[in-house]
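Work through the exercises below with the sequence and the model at hand. Each one sets a task and then solves it step by step.

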Amino acid sequence: MTPTILVFDSGLGGLTVHREVTKARPDARYVYVADDAFFPYGRQRETDLLTRVVAVMDELIAEHRPDLAVIACNTASTLVLSALRARFKLPFVGTVPAIKPACAASRSRQVTVLGTEATVQREYTRALIRDFADGCAINLVGAPRLPELAEAVLHGEAVADADIVREIAPCFVERNGARTDTVVLACTHYPLLLDRLERLSLWPVTFMDPAPAIARRVVELLGPPGRGAGPATRFIFTSGRPPSPALKGALAGFGIAELAAAGV
């Protein structure tokens with residue numbers, strides 16, 4: 001049987017997760033939902049965001065009846081996963097800061113978590129640090145504009161290097177001769193800018209992208225892929241706004257061909 005997988009994000013960052021999950025389960029049917037009507041999530045009040053995501057998921061699950069849902073957004077996952085799992089019977093795979101593998105991989109023991117302002121301030125993130133820092137010094141950096149800059153690039157807009165540098169410069173810390181060597185990308189939008197992040201880094205670091213781990217978890221829950229390829233991903237903007245030609249081209253690069261006409 002061909003499973004249906006729902007991939008949900010505040011916007012386009014979840015495309016980096018969708019890309020990895022489709023590699024792992026190319027036979028599945030995918031519905032990608034970008035909640036652009038409420039973007040950016042990092043600037044929303046927690047109570048409003050919780051209410052919003054649960055309400056939208058109610059509609060999406062009723063309409064598409066997925067076998068599994070991926071919440072491809074750190075800001076949402078650190079807040080709403082427990083509520084979603086309590087309300088719905090299907091399995092949810094969240095996206096949380098990859099602090100444990102980052103600290104295990106760091107040689108300098110200097111690790112930065114780069115996320116939205118909301119993600120780095122959440123108790124969920126701080127609990128991960130208490131549990132898994134393993135003696136590493138953790139530098140929390142909230143980048144207020146980086147998700148919007150990543151979306152602008154996909155829309156074909158010019159984004160200056162200086163604007164990206166301003167967002168990532170606090171990631172690079174030197175303490176007692178030891179420099180940051182690992183940066184956790186705690187927002188799924190950030191890997192969209194990976195080439196520029198690497199080029200604009202103050203010194204070489206390893207950027208930790210959570211998408212491959214999410215794909216592995218999907219396979220653990222649904223099992224290995226069947227034969228053949230699934231149908232084209234259906235892409236939905238909750239605003240119902242049509243994408244620009246530049247964005248259509250960018251989406252095609254992620255294997256997105258079918259764009260729904262209506263929002264949620």
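**Exercise 1. A proline and its distant contacts**

Leaving aside its neighbours within four places in sequence, which residues is Pro-231 in contact with?

Solution. The model is a predicted one.

Step 1. Locate the residue: Pro-231 sits in the loop between helix H10 (211-222) and strand S11 (233-237).

Step 2. Set aside the neighbours within four places in sequence; Pro-231 is then in contact with Ala-28 and Arg-29.

Step 3. Compare sequence and space for one of these partners. Pro-231 and Arg-29 are 202 residues apart in sequence, and their C-alpha atoms are 5.7 Å apart in space.

Step 4. Classify the accessibility. The relative accessible area of Pro-231 is 44%, so the residue is partly exposed.

**Exercise 2. The packing of H2 and H3**

Describe how helix H2 packs with helix H3, and list the residues that meet.

Solution. Two packed helices are described by the angle between their axes and the distance between the axes.

Step 1. Take the angle and the distance: H2 (residues 46-64) and H3 (residues 74-87) pack at about 50°, and their axes are 10 Å apart. That angle makes H2 oblique to H3.

Step 2. Give the hand of the crossing, which is right-handed for H2 and H3.

Step 3. List the residues on each side. H2 contributes Glu-46, Leu-49, Leu-50, Val-53, Val-54, Met-57 and Asp-58. On the H3 side they meet Thr-75, Leu-79, Val-80, Ala-83, Leu-84 and Arg-87.

Step 4. Sort the residues of this contact of H2 with H3: nine are nonpolar, one is polar and three are charged.

**Exercise 3. The packing of H1 and H10**

At roughly what angle do the axes of H1 and H10 cross, and within what distance do they come?

Solution.

Step 1. The axes of helix H1 (residues 15-24) and H10 cross at roughly 40° and come within 8 Å.

Step 2. Angles from 35 to 65 degrees fall in the oblique class, and H1 and H10 are therefore oblique to each other.

Step 3. The crossing of H1 and H10 is right-handed.

Step 4. In H1 the residues in contact are Thr-16, Val-17, Glu-20, Val-21 and Ala-24. In H10 they meet Ala-211, Pro-212, Ile-214, Ala-215, Val-218 and Val-219. The residues of this contact of H1 with H10 comprise nine nonpolar, one polar and one charged.

**Exercise 4. Aromatic pairs**

How many aromatic pairs are there? Examine the pair of Phe-38 with Tyr-41 and the pair of Phe-172 with Trp-203.

Solution. A pair of aromatic rings is described by the distance of the centres and the angle of the planes.

Step 1. With ring centres required to lie within 6.5 Å, the count comes to five aromatic pairs.

Step 2. For Phe-38 and Tyr-41 the ring centres are 6.2 Å apart and the planes stand at 70°, so this pair is edge-to-face. Both Phe-38 and Tyr-41 are buried.

Step 3. For Phe-172 and Trp-203 the centres are 5.4 Å apart and the planes are at 85°, so this pair is edge-to-face.

Step 4. Place the second pair in the chain. Phe-172 lies in the loop between helix H8 (161-168) and strand S7 (174-175), and Trp-203 in the loop between helix H9 (194-200) and strand S10 (206-208), so the pair ties together parts that are 31 residues apart in sequence.

Step 5. Check burial, which requires under 20% relative accessible area. Phe-172, at 9%, counts as buried, and Trp-203, at 13%, counts as buried.

Step 6. Add the cluster: ring pairs link Tyr-32, Phe-235 and Phe-237.

**Exercise 5. Backbone exceptions**

Which residues does a cis peptide bond join? Then examine phi at Asp-134 and Asn-176.

Solution. Most residues other than glycine have a negative phi, and most peptide bonds are trans.

Step 1. The cis bond joins Phe-39 and Pro-40, with omega about 0°. Pro-40 is in the loop between strand S2 (29-34) and H2.

Step 2. Asp-134 is not a glycine, yet its phi is positive, about 55°. Asp-134 belongs to the loop between helix H6 (123-132) and strand S6 (137-142), and at 57% relative accessibility it counts as exposed.

Step 3. Asn-176 also has a positive phi, near 50°. Its place is the loop between S7 and strand S8 (178-179), and with a relative accessible area of 84% Asn-176 is exposed.

Definitions and conventions:
Residues numbered from 1 in each chain as written. Predicted model: local features only at pLDDT ≥ 70, side-chain atom pairs only at ≥ 80, totals over all residues. Heavy atoms only, no water. Axes fitted to C-alpha atoms, helices over the stretch in contact; angles between N-to-C directions. Helix = DSSP H or I, 4+ residues; strand = E, 2+ residues; numbered from the N terminus. Parallel < 35°, antiparallel > 145°, perpendicular 65-115°, else oblique. Left-handed = near helix turned anticlockwise from the far one by under 90°. Contact = heavy atoms within 4.5 Å. Nonpolar A, V, L, I, M, F, W, Y, C, P; charged D, E, K, R; others polar. Phe/Tyr/Trp six-rings, centres within 6.5 Å; stacked < 30°, edge-to-face > 60°. Buried < 20%, exposed > 50% of the residue type's maximum accessible area, 1.4 Å probe, protein only.
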